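Colleague: I would like a close look at one part of this model. Take me through a single strand and what surrounds it.

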Amino acid sequence: MIHMLAAALNDPDAWLRVAARLHPVVVHFPIALLLTAAGVELWRIARRGVTPATTALTCCGLAVPAAAAAAVAGWLHADLESHAKTLGPAMELHRWVAIGASVAALIAWWLGLIARTPANLRARRWWVFVLFVSAGGMGASGHLGGSMVWGDGYILKPLFGAAPAKEAVPRPMRLAPAGTILTVRYADQISPIFERRCVECHNASKLKGGLRLDLLAAAFDVEQDLWAILPGDPDGSELVARIAPDAGNKERMPPKGERLTAEEISLIRTWIQEGAWEGTEGQTPPAESPSTSPSPRAATPQGPDEVRATAAWSEAEQAAIAAVRAAGGRAEPVALGDERLDINLSVGAPTDETLAAMHAVEGRIAQLNLAGSRVSESAVLGLISNCVALRVLDVSRTSCGDATAAAAAKLPVLERANFFGCSLTDEGLRGLARLKWIGVAATGVTPAAADQLRAKGVRVETGSER
Ligand code: HEC
């Protein structure tokens, strides 16, 4: 403890920070002094005094150094505390109104001195005017500063209740170019997590850390190097670091209560990996509430085994699906209205040609079952290397092995892979540490290698567990 204190005392940066953090305390002096000066002067005018009130002049004079101290502390505060930079225009307004009011205080004081000896009515009028401008400006700036910390309209909030913040400018949605395959949907899977766990503190009126999560576009309204979400880079995203299970108690988000579940974290990671989009262009935006008209796609009845010819499926994609069916396999949307596919070729007799014909839908395949099929490993590699949406892969009892494992290791959202009866070895297994579940029964994988992966939290099924 003593040690820490000593270290802190020797750290000039720490001192600077403490001085800066006094800003919210120091600002009360110039505000109070100027308001007092204005009040006293008003009384003096009512009493028909011809010269400035001595008390008013003294208060105004004291307000000048107080304002300068507050300004210096404020400037340091904004520079040292990273969240202040995210406030942008609100901060600029606060800063410049305060500086204007401070300069006005200095001018008022000088005018007041002139107006006093001998009585100078013209200077007196200017003194009153500039003093009131200064007091008003300082009060307004203080209010702006308070609003940045406590939220818009914080003084009157108890009177009017917490009315939902209105969006002045509707912001465009962040939409991926048409045709981009998104396996995680912001509206259905991410926004509900934010709403439930984050929005109470990260909204328009309660901008904790300068971050808004109620409206996705607003999270990107700040300078790019302050983005908490870096599209395509979950590991570099501050938001991911804050929700990670190993985030320290000081950084963790949400600050209190249950942490996010592993599944929620993985959804958010995948969503960021895919570009942190709200949806894709051309797709009907999600209905605001159940009462507004449902999207036409969802309204179209779709049989479970039928992929309808909607605008979302091109002719080439339809042909690919037809090839799967021609080989006796099944191709179904993973859910009603979903654009991702569950392809099961284990029930048919696919050939390498079948796999080659599937390239048009490779980006849409979420589940691929090739179990027991007589396809070559090179054909499997040719297909799966581009299956960026693949979550579940089953190559049991095929000629696949380490090369397939190496390709699978590169798939961004793959969670489960079954290599049962394949020529997989420890070498291939090692690359799959990011998966949730791997089936390695009847392969060349050694129990020691399986245990190594289990130690990293992967469920490895060797077939000898039971
Ligand atoms: C109880 C209020 C509260 C809740 C709930 C909350 N936060 Fe925060 N958050 C804060 C505060 C206060 C800060 C600023 C202090 C800090 O940086 O630790 C902050 C800062 C952050 C930052 C850093 C912003 C930056 O760029 O510096 C991120 C990212 C963040 N929160 C994400 C989240 C996420 C994601 C959730 C929901 C899973 C969440 N928060 C829930 C209060 C909250």
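In β4, which residue is the bridge partner of Ala 331?

Modeller: Ile 343 is the bridge partner of Ala 331 in β4. Keep in mind that the model is predicted.

Start with the pairing on that side. Strand β3 covers residues 330-333. Four bridges join β3 to β4, and the two strands run antiparallel. Now take the other side. β4 is also joined to β5 by four bridges, but here the strands run parallel. Ile 343 takes part again: its bridge partner in β5 is Leu 368. Between β4 and β5 the chain passes through α16, and this β-α-β crossover is right-handed.

Next, the side chains. They alternate along β4. Leu 341 and Ile 343 point to one face and are buried. Asp 342 and Asn 344 point to the other face and are not buried. β3 alternates as well. Its Ala 331 and Pro 333 point to one face and are buried. Arg 330 and Glu 332 point to the other and are not. So the bridge partners Ala 331 and Ile 343 are both buried, Ala 331 in β3 and Ile 343 in β4, each by the cut-off of 20 or more other C-beta atoms within 10 Å.

In soluble globular proteins, nonpolar side chains tend to be buried together. Here the largest nonpolar core holds 47 residues. Val 324, Ile 365, Val 380, Leu 390, Ala 408 and Phe 419 touch the most other members. β4 (341-344) is one of the elements that give two or more residues to this core. β5 (365-369) is another, and so is α16 (352-357). The list also includes α15 (315-326), α17 (377-384), α18 (402-409) and α20 (447-455).

Look at Ala 408 within that core. Leaving aside neighbours within four places in sequence, Ala 408 is in contact with Ile 384, Leu 393, Leu 414, Ala 417 and Leu 432. Apart from this core lies another, of 33 residues, with Ala 56, Ala 66, Ala 70 and Ala 115 among them.

For contrast, take a loop residue. Ala 433 is found between α19 (426-430) and β8 (437-439). Ala 433 counts as partly exposed because it has 14 C-beta neighbours inside 10 Å. Not counting residues up to four places away in sequence, Ala 433 touches Leu 453, Lys 456 and Val 458. The C-alpha atoms of Ala 433 and Arg 459 are separated by 9.7 Å, with their positions 26 residues apart along the chain.

His 77 gives the opposite case. His 77 lies in helix α5 (residues 54-80). His 77 is buried because 20 other C-beta atoms lie within 10 Å. Its C-alpha atom is separated by 4.6 Å from that of Ala 20, although the two residues are 57 apart along the chain.

Finally, the setting. The chain has 466 residues, and 32% of them count as buried. Its secondary structure comes to 20 helices and nine strands. Among contacts between residues at least 6 apart in sequence, 58% join residues at least 24 apart.

Key:
Residues numbered from 1 in each chain as written. Predicted model: local features only at pLDDT ≥ 70, side-chain atom pairs only at ≥ 80, totals over all residues. Core = buried A, V, L, I, M, F, W, Y, C linked by C-beta atoms within 7 Å. Buried ≥ 20, exposed ≤ 12 C-beta atoms within 10 Å, placed from the backbone. Contact = placed C-beta atoms within 7 Å. Pairing = 2+ DSSP bridges. Right-handed = clockwise from strand over helix to strand, strands pointing away.
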